[in-house]
Amino acid sequence: MKTEKNTAEDNLMEKIVSLCKRRGFIFSGSEIYGGLAGTYDWGHFGVALKNNIKQYWWKKFVDNRRDMYGVDAAILMNARVWEATGHVANFADPLDGKQFNTMLKTQVGAKKEEVAVSYLRPETAQGMFVNFKNTVDAFHPKLPFGMAQIGKAFRNEIAPRDFLFRQREFEQMEIEYFVRQEDWEKYFEYWRGETLSFMEEIGIDMSKVHEMEIGDSDRAHYSNRTIDFEFEYPFGQKELSGLAYRTDFDLKKHKLDYIDEEKNEKMIPHVIEPSFGIDRMVLVVLLSAYCEGLEGKEEVSDGAGEKESRVYLKFKPNIAPVICAVSPLLKNKPELVEYANTKVFAPLKAEFGRVMWDDNGNIGKRYRRQDEIGTPFCIVVDFDTLTDDTVTVRARDTGEQERIKVENLKDYIKEKIQ
Ligand code: GAP
């Protein structure tokens, strides 16, 4: 029997899936041909949201550090990689009493004698391990140091489900952090903290995040310790991202080692791996941001004196697909349109990129639309603007409006997206 809470939560997923389609965030894959289970296509605002999360991650974990090396490896890898790591033997889920290997198999090469079995990588991690030697030879990093990669991964999941949660094609952001064996606990703890701070910084509701220690029998074959960061999704508490101590398993399997110059000895570094699934991050950011009503009130004025309930996504400005929308109060007044376009929209667009021109419908309708996209600020050019060079800036979450000097707009927004 469904409880009231259950139904409300089911509705929440339905509402989010429908908002994502209606507002151009995320569509079912191959929809006009009946779809393809476990695939999704990203529309304009979805790509923007996803890119902002990826860029934020890269900035935090690569650009802002001195000990991290980026990689963008091929998705197709020599099958021997997956034989060496045990994925061919072990990367399987139970199906009808047998183990079903969930790696997506394909073939590479045209002529019969050249055709080789290959796999679409089930994790981005191996793209980094196989480039360990290249990275060490090119950059001579000292321990501890890390490699980072963002990219697609594929799994032939037996039962893809729950929107972005379990797909057959998805994206990961992974770090392999190489340490001396005796330091693994220290760095495991360190990356636990970094994982949590990243989640908080992109606006995830941390009251719904729980850490789960994974027991011996449930851990992946390469891990000596794993924590799953779980989230309370409407369909249950499940994994959002993982943190594993992969020991020296992978480097050993690939027969790779490292000369520790400090100790003047050959050794195999151990690995701490924080692994983030982007699609689940996006889903959880959407679930955390979804709000109905205004400060507890179900209704707000639409600007024309009518009251209607509203839905808004309270994205943090650093990841919002659109940072601000610019509108002339009336679209049939050329002097307002001209001012809004040349003095407000164009300079903001040049500065921030994610700025939207919105002159469709009345102001109330525009606010509702921008609320659903999660735009933190709506800027309106009205008749006063023409005489005093100020505009109305309306804040998404509170509905509050302030008058800001046009010349101060860039700084005003810059401050908010820090
Ligand atoms: N390299 C380690 C690794 O791949 P994993 O726990 O199997 O570990 C890491 O995957 C993350 O990738 C998960 O925490 C999840 O966010 C994401 N992920 C895994 N399978 C997924 C799927 N079928 N659909 C969407 N995301 C998935």
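In which loop is Pro144 found? In this predicted model, Pro144 belongs to the loop that runs between α6 (132–139) and β9 (145–154). The residue is worth finding early, since a cis peptide bond joins Leu143 and Pro144, with omega at about -5 degrees. Most peptide bonds are trans, and most residues other than glycine have a negative phi. A departure of the second kind can be found at Thr247, which is not a glycine and yet has a positive phi of about 50 degrees. Thr247 is found in strand β13, and that strand leads the reader on to the ligand, because β13, as a run of strand residues numbered from the N terminus, spans 236–247 and is among the elements that give two or more residues to the shell around the ligand.

The space taken by the ligand is the largest pocket. The elements that give two or more residues to the shell there are β10 (169–179), β13 (236–247) and β16 (270–277), and of the contributions to this shell the one from β13 is the most, at 5 residues. In total, 21 residues surround the ligand, and the closest of them are Glu123, Glu157, Glu174, Glu239 and Leu240. Sorted by class, the shell holds 9 charged residues, together with 6 polar and 6 nonpolar ones.

Several polar atoms of the protein can be followed to the ligand one by one. Leu240, already named among the closest residues, has a polar backbone atom 2.8 Å from an oxygen atom of the ligand. In the case of Gln172, an N or O atom of the side chain is 3.1 Å from an oxygen atom of the ligand. With Glu273 the ligand atom is a nitrogen, and a polar side-chain atom of Glu273 lies 3.1 Å from it. As for cover, the ligand on its own has 550 Å² of accessible area, and the protein covers 92% of that area.

From the ligand, the reader can turn to pairs of charged side chains within the protein. Side chains of opposite charge can pair when their charged atoms come close. Counted with a cut-off of 4 Å between nitrogen and carboxyl oxygen, the model has 32 salt bridges. One of them is formed by the side chains of Lys414 and Glu351, at 3.3 Å from N to O. Lys414 lies in helix α13 (residues 409–416) and Glu351 in helix α10 (residues 334–352), so this pair ties together parts that are 63 residues apart in sequence.

Definitions and conventions: Residues numbered from 1 in each chain as written. Predicted model: local features only at pLDDT ≥ 70, side-chain atom pairs only at ≥ 80, totals over all residues. Heavy atoms only, no water. Near = heavy atom within 4 Å. Polar contact = N/O pair within 3.5 Å; in protein donor to acceptor, adjacent residues only side chain to side chain. Areas by Shrake-Rupley, 256 points an atom, 1.4 Å probe, with all protein chains shown as cover. 1 Å grid on protein atoms, 1.4 Å probe; cavity = no way out; pocket = protein on both sides within 12 Å on 5 of 7 lines; lining within 4 Å. Sits in = over half its atoms within 2 Å of the grid points. Helix = DSSP H or I, 4+ residues; strand = E, 2+ residues; numbered from the N terminus. Nonpolar A, V, L, I, M, F, W, Y, C, P; charged D, E, K, R; others polar.
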